[in-house]
Amino acid sequence: MTGKPFIFAPRWDAASYLRNSTGAGNPANKGGAAFSMIATLEYSSKAGAPEKAVADHIKQAFTNPKATKPLNALRNVPGDNVNEPLHRLYLDQKRRDRNRAVAVRECTVAWGASYTARGKECDEFPFATTYEGSAASEFDVHVDKEDFSVLPVPGAQNGAAGNLLSGFYTANRIIDGPDDGFIVKIN
């Protein structure tokens, strides 16, 4: 019964794009409380995990970024620690589209136009739905070019990882902008 209690201060938010418990959009969203903590998105690289290929890609981007595409010996891929978190990009559709376009361009440069053979898709990390996505340097002069990674992965696994990301955003009330940082861990 000694010591000082510590409580994280809550942040109150309201965003019409946050979903309710049924998964439907909530235009009458009256807001909610989220504690000021760095949320952690977990992907599994275990055999049989539906998102395994994406988890393996992210793990390589964190642990051996020089071996990823595009080639960049000085690459520093953010998102694996609280000092360099990722931030959700929701409101700027053009920027999300640009993140995806840059990623697809780099997949095509590295593996040719046929990289989509056998149902593969271009996976990008950081995610296209983050401010740190593959086009970040076009929007922020303080971001180094090519601090991202791309890799063709099976479409079903890319979709599974995307579904996990979407559910993570909802469950953790991650809003657009710099107020909600999150990190990614691979198990």
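# Talking through the fold

User: Which residues of α1 are buried?
Analyst: Keep in mind that we're looking at a predicted model. The cut-off for buried is under 20% relative accessible area. In α1 the residues on that list are Ala-53, Val-54, Ala-55, His-57, Ile-58, Ala-61 and Phe-62.

User: And what do the buried residues of α1 pack against?
Analyst: Those buried residues include His-57 and Phe-62. Their partners are a mix of strands and a helix: β3 (39-43), β5 (120-125), β6 (149-154), α4 (155-171) and β7 (181-186).

User: How far does helix α1 reach from its first C-alpha to its last?
Analyst: The helix covers residues 52-63, twelve in total. At 1.5 Å a residue you'd expect 16 Å, and the model comes out close to that. The reach from end to end is 16 Å.

User: How many helices and strands are there in the protein chain?
Analyst: Reading from the N terminus, the elements go β-β-β-α-β-α-β-α-β-α-β. Of the chain's 187 residues, 43% count as buried. The tally is four helices and seven strands.

User: What share of contacts between residues at least 6 apart in sequence join residues at least 24 apart?
Analyst: A contact here needs heavy atoms within 4.5 Å. Taking the chain's contacts between residues at least 6 apart, the share that joins residues at least 24 apart is 75%.

User: In what order do the three strands of the open sheet come?
Analyst: β3 and β7 run parallel and share five bridges, while β4 and β7 are antiparallel, with two bridges. That makes the pairing mixed. β3 and β4 each have a single partner strand, so they stand at the edges, with one side of each lacking a neighbour in the sheet. The order is β3-β7-β4.

User: Which residue in β7 is the bridge partner of Leu-41?
Analyst: Strands of a sheet pair through backbone hydrogen bonds. Over on the β4 side, His-87 sits opposite Gly-181 of β7. For Leu-41, the bridge partner in β7 is Val-184.

User: Which residues make up the uncovered face of β3?
Analyst: In a regular strand, side chains alternate between the two faces of the sheet. β3 has Ala-39, Leu-41 and Tyr-43 on its covered face. The uncovered face has Thr-40 and Glu-42.

User: Arg-88 is buried yet has no salt bridge, so how far away is the nearest side chain of opposite charge?
Analyst: Arg-88 sits in the loop between β4 (86-87) and α2 (93-111). A salt bridge calls for a nitrogen-to-oxygen distance within 4 Å. The nearest side chain of opposite charge to Arg-88 belongs to Asp-176, at 6.7 Å.

User: Which residue offers the backbone oxygen that the side chain of Arg-88 reaches?
Analyst: Beyond four places away in sequence, Arg-88 touches a list of residues including Tyr-17, Thr-129, Tyr-169, Asp-176 and Phe-182. Its side chain also reaches a backbone oxygen at 2.7 Å, and that oxygen belongs to Ile-174.

User: Pro-70: buried or exposed?
Analyst: Pro-70 lies in the loop between α1 and β4. Leaving aside neighbours within four places, Pro-70 contacts Arg-75, Glu-106, Glu-146, Phe-148 and Val-150. Its C-alpha is 7.1 Å from that of Ala-110, 40 residues away along the chain. Because its relative accessibility is 7%, Pro-70 counts as buried.

User: How many salt bridges does the count come to?
Analyst: Side chains of opposite charge can pair when their charged atoms come close. One pair is Lys-52 with Asp-56 (2.6 Å, N to O), and another is Glu-106 with Arg-105 (3.1 Å, N to O). Glu-138 and Arg-98 also meet, at 2.8 Å, N to O. The count comes to three.

User: How many residues apart are Glu-138 and Arg-98?
Analyst: The side chains of Glu-138 and Arg-98 form a salt bridge. This pair links distant parts of the chain, with Glu-138 in helix α3 (residues 136-139) and Arg-98 in helix α2, and the separation is 40 residues.

User: What relative accessibility does Glu-106 have?
Analyst: Its salt-bridge partner is Arg-105, which counts as partly exposed at 40%. Glu-106, on the other hand, counts as buried because its relative accessibility is 11%.

Definitions and conventions:
Residues numbered from 1 in each chain as written. Predicted model: local features only at pLDDT ≥ 70, side-chain atom pairs only at ≥ 80, totals over all residues. Heavy atoms only, no water. Expected span 1.5 Å × (residues − 1). Buried < 20%, exposed > 50% of the residue type's maximum accessible area, 1.4 Å probe, protein only. Pairing = 2+ DSSP bridges. Lys, Arg positive; Asp, Glu negative; His and termini not counted. Polar contact = N/O pair within 3.5 Å; in protein donor to acceptor, adjacent residues only side chain to side chain.
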